[in-house]
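Me: Please take a close look at a single part of this structure and tell me how it sits among its surroundings. I would like one connected account, with residues and distances where they help.

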Amino acid sequence: MANLETTLFGQKLKSPFVLSSGPLSHSGAALIAASQAGAGAVVTKTISLVRADNPMPHMVLSAPNTLINCEKWSDLEAADWIDREIAVAREGGAVVIGSVGLAPQDVRELAAKVAAAGAHMVEVVSYTEEAMVPMVREARKLVKVPLLAKVSPNWPGVVRTAVECVKAGADGITATDSFGPILRIDVATARPMLGGPFGHGWLSGAAIKPITLRIVSEIAQAVDAPIVGTGGVARGVDALEMLMVGASAVGVCSQPILTGLKAFGRLNRELSQNLDKYGYASPAAAKGVALPHLVDREQKTRLSFDYDPAACNDCHLCVDLCPYGARSLSKDRVMGLDEDKCRHCSFCVSVCASGALGVREGLRNRR
Ligand SMILES: Cc1cc2nc3c(=O)[nH]c(=O)nc-3n(C[C@H](O)[C@H](O)[C@H](O)COP(=O)(O)O)c2cc1C
């Protein structure tokens, strides 16, 4: 089995999975529980000068494997974290990343205290793009431990801001955060599903993975600094995808909320299996391997499909879902393709869960 040990800023992690800041990082004891369940490092709930008072409700299920939330920062006093919870987590064996936000004043007053309380690293997080770089600059003056800047997918210049954060002294980037604002309505009551202003919330979990991957890939090509790729990872194979676009470690928040802390054991096992399957000895060996392929893919060469009748489960989706009616499949599993109708979009391959249908370049059951 591939070894999952990962090094982040010289700190050894038993796994590349990091519990991101969220409800499961609400206290020192919660951080220990996540670490014991298999997280390589754990991020505190965001510590701020004023404790949060959350609207109700503030966290509900949305699409499969996906959450919407309007949960604020930590509802503990900053002093609770500084005087007790960080030390509890560290003494309990966790690698602790102290999250500090959400405005420059919070960093000024809290960053040094969070580091002195025992955080192995500090992560700075902001609600606004404008405040981020000044907050990093401020934090850099105050803390010697490795400094992460957490950037948001909702900022128009997210990649440029990540670059500026590194120039301002961040050692690495956490990319990214939940996506929004978004809205869901409870049709039984005609009211928003979430409390808070306008019922607006933020999306996290499986639905946001493609957004995260694109941003991580661009930041990885723009800065030479470790990235904690965070957003949408639900399975080991998602984590491999995140490493391939340049992440050094992989943040998860929604998946352990949705399936319990045992998610860390499963994610570790699945990542290890996928690293073995695709021939990578470690997470570091897979880092950035997709980046050279992110070039102009506007090629017009027609695809060459292959079909394995022995693997086919006769689901017929390749035929039924072809928008152009180009596919046919006989009862004795002879696959047909009308080349005049086929636009070579490859959707038939995408919907083939059994992996019977593929394209020569290698696209086979990549859902
Ligand atoms: C309920 C909830 C609360 C969160 N609270 C925080 C927070 O206090 N600070 C923070 O930096 N990120 C917070 N996040 C964002 C997560 O750390 C993470 O960046 C985001 O959810 C994307 O990862 P995921 O798709 O694995 O959940 C929160 C996310 C959720 C779902």
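Reply: Helices, in the naming used here, are DSSP runs of H or I with at least four residues, and strands are runs of E with at least two; both are numbered from the N terminus. By that naming Ala-285 belongs to helix H10, which covers residues 283-286. The model is predicted.

The part to examine is strand E9, and the barrel is the place to start. 8 strands close into it, in the order E3-E4-E7-E8-E9-E10-E15-E16, with parallel pairing. From one strand to the next the twist averages 25°. In that order E9 stands between E8 and E10.

E9 takes in residues 147-151, and E8 residues 121-126; the two strands pair in the parallel sense over 4 bridges. Along this pairing, Val-122 is opposite Leu-147 of E9, and Glu-123 is opposite Leu-148 of E9.

How many of the 5 residues of E9 are buried? The count is 5 of the 5, so the strand is largely enclosed by the rest of the structure. The threshold behind that word is a relative accessible area under 20%. In a regular strand the side chains alternate between the two faces of the sheet. The two sides of E9 can be listed accordingly: Leu-147, Ala-149 and Val-151 are on one, Leu-148 and Lys-150 are on the other, and both faces are covered. Lys-150 is thus among the buried residues of the strand.

The partner strand, E8, also contains Ser-126. Ser-126 is buried because its relative accessible area is 5%, and the limit for that class is 20%. Its side chain reaches the backbone oxygen of Thr-128 at 2.7 Å. Leaving aside neighbours within four places in sequence, Ser-126 is in contact with Leu-102, Ala-131, Met-132, Met-135 and Trp-155.

Leu-102 leads from E8 to E7, since its place is in that strand, residues 96-102. The peptide bond from Gly-101 to Leu-102 is cis, with omega near 15°. Both residues of this bond also touch Ser-48, as do Trp-73, Ala-78, Asp-106 and Leu-110, when residues up to four places away in sequence are not counted. Ser-48 itself is in the loop between strand E4 (41-43) and strand E5 (59-61). A polar atom of its side chain lies 2.7 Å from the backbone oxygen of Gly-101. With 8% relative accessibility, Ser-48 counts as buried. Leu-102 therefore appears in the contact lists of two serines, Ser-126 and Ser-48, both of them buried. A second cis peptide bond joins Gly-180 and Pro-181, with omega of about 5°; Pro-181 is in strand E11, residues 179-182.

Further round the barrel order are E15, E16 and E3. Helix H7 (residues 236-244) lies across strand E3 (17-19), strand E15 (227-230) and strand E16 (249-252), and runs at about 130° to E16. Met-244, within the residue range of H7, is 9.1 Å from Ala-285, C-alpha to C-alpha, although the two are 41 residues apart in sequence. Ala-285 is partly exposed, with a relative accessible area of 37%.

The ligand has 25 residues around it, of which Ser-21, Lys-45, Thr-46, Gly-232 and Ser-254 come nearest. Three distances to ligand oxygen atoms can be given. For Ser-21 a backbone N or O atom is at 2.6 Å, and for Gly-232 a backbone N or O atom is at 2.7 Å. For Ser-254 an N or O atom of the side chain is at 2.6 Å. Taken alone, the ligand exposes 610 Å², and the protein buries 96% of that.

Two loop residues stand in contrast to the enclosed strand. Asn-65, in the loop between E5 and strand E6 (66-69), has a positive phi of about 60° although it is not a glycine. Its relative accessibility is 36%, so Asn-65 counts as partly exposed. Phe-198 also has a positive phi, near 60°, and lies in the loop between strand E13 (191-192) and strand E14 (201-205). Phe-198 is exposed, because its relative accessible area is 70% and the exposed class begins over 50%.

Technical notes. Residues numbered from 1 in each chain as written. Predicted model: local features only at pLDDT ≥ 70, side-chain atom pairs only at ≥ 80, totals over all residues. Heavy atoms only, no water. Pairing = 2+ DSSP bridges. Axes fitted to C-alpha atoms, helices over the stretch in contact; angles between N-to-C directions. Contact = heavy atoms within 4.5 Å. Near = heavy atom within 4 Å. Polar contact = N/O pair within 3.5 Å; in protein donor to acceptor, adjacent residues only side chain to side chain. Areas by Shrake-Rupley, 256 points an atom, 1.4 Å probe, with all protein chains shown as cover. Buried < 20%, exposed > 50% of the residue type's maximum accessible area, 1.4 Å probe, protein only.
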